[in-house]
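This briefing introduces a protein structure to a reader who has not met it before. Please keep the sequence and the structure in view while reading.

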Amino acid sequence: MTKILALFASLIFILGACTQQSALVGPDGKPLQQVYRIGKASQVQFRMLDSINSLRSAAGLSQVQLNSELNAAAATHSKDMAAQNRPWHFGSDGSSPLVRVQRAGYAGTLLGENISETYETELETLAAWMEETGTREVILAPGAVNMGFSWFQESNGKIWWTLLLANNVVPELRVTAAAAAIQN
């Protein structure tokens, strides 16, 4: 009986330690911001994928799937934004999102890119993107079938997020009269 009581007391102690602790409060009475540390990469990507597909379904749109080439392009750009210390759509080498997805080997058409520099979680970042018309349009792009999503987290906790949506339609190469004249 003593062993059972000791086990029960240990269980209560462990469960008590697992309950949510009250947040530390700053001088303004608001909770202090906690640093979000990214754990398992696949969990973060699949949480974002599931959330985006829920939003797309609610809007009557088809679901998207993760694409390894787009994930690679997103990871490269997130790391590059951190190196540049600015969130923008151009790489340090002047590359555009279109060029980066082509370099990563993606054969389809890029429909849009969302980026963010934040200390927020992926779902908080998605919520912020949904509040803005331009970034919401990328998430809800009607022809999207593929998604790339990645990030780079600095040692101080800052996260550089990149989201790409694309379709699998190979862009048509058009030769203009000017380009034809150059070839001749």
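The points below move from the whole chain to its sheet and then to two of its helices.

The structure is a predicted model. Its protein chain contains 7 helices and 4 strands, and an open sheet takes in 4 strands with mixed pairing. Helix α3 lies across β1, β2, β3 and β4, while helix α5 lies across β2, β3 and β4.

**The chain as a whole**

- Along the sequence, the elements of the protein chain follow the pattern α-α-β-α-α-β-α-α-β-β-α.
- The protein chain has 184 residues, of which 36% are buried.
- Among contacts in the protein chain with a separation of 6 or more, 67% are between residues 24 or more positions apart.
- The exposed area of the protein chain is about 11,400 Å², and 59% of it comes from carbon and sulfur atoms.

**Order and edges of the sheet**

- Across the open sheet, the strands stand in the order β1-β3-β4-β2.
- The edges are formed by β1 (65–66) and β2 (109–118); each has a single partner strand, so one side of each has no neighbour in the sheet.

**How the strands pair**

- β1 and β3 run parallel and are joined by 2 bridges. Gln65 has Asn146 in β3 as its bridge partner.
- Strand β3 (residues 146–153) and strand β4 (residues 159–167) run antiparallel, with 8 bridges between them. Phe149 is matched with Leu163 of β4 as its bridge partner.
- Asn146, the bridge partner of Gln65, also stands opposite Ala166 in β4.
- The pairing of β2 with β4 is antiparallel as well and extends over 9 bridges. Here the bridge partner of Leu110 in β4 is Ala166.
- The hairpin of β3 and β4 has 5 residues between the strands, and Gly157 in this hairpin has a positive phi near 105°.

**Burial in the sheet**

- In β3, 6 of the 8 residues are buried, and the strand is mostly covered.
- In β4, 9 of the 9 residues are buried.
- Ile159, Trp161, Leu163, Leu165 and Asn167 point one way from β4, whereas Trp160, Thr162, Leu164 and Ala166 point the other way; all of these residues are buried.

**Helix α3**

- Helix α3 spans residues 68–84, a total of 17 residues. From its first C-alpha to its last, the helix reaches 24 Å, close to the 24 Å expected at 1.5 Å a residue.
- The helix runs at about 30° to β3.
- At the N-terminal end of α3, Asn67 acts as a cap, with a side-chain oxygen 2.9 Å from the backbone nitrogen of Glu69.
- After α3 comes Asn85, which has a positive phi near 55°.
- The buried residues of α3 are Leu70, Asn71, Ala73, Ala74, His77, Ser78, Asp80, Met81, Ala82 and Gln84.
- An α-helix has 3.6 residues a turn, so residues three or four places apart point the same way. The buried residues of α3 include Leu70, Ala73, Ala74, His77 and Met81.

**Helix α5**

- Helix α5 is formed by residues 122–131 and runs at about 115° to β2.
- The strands that α5 lies across are β2, β3 and β4.

How values were computed:
Residues numbered from 1 in each chain as written. Predicted model: local features only at pLDDT ≥ 70, side-chain atom pairs only at ≥ 80, totals over all residues. Heavy atoms only, no water. Buried < 20%, exposed > 50% of the residue type's maximum accessible area, 1.4 Å probe, protein only. Contact = heavy atoms within 4.5 Å. Areas by Shrake-Rupley, 256 points an atom, 1.4 Å probe, with all protein chains shown as cover. Expected span 1.5 Å × (residues − 1). Polar contact = N/O pair within 3.5 Å; in protein donor to acceptor, adjacent residues only side chain to side chain. Pairing = 2+ DSSP bridges. Axes fitted to C-alpha atoms, helices over the stretch in contact; angles between N-to-C directions.
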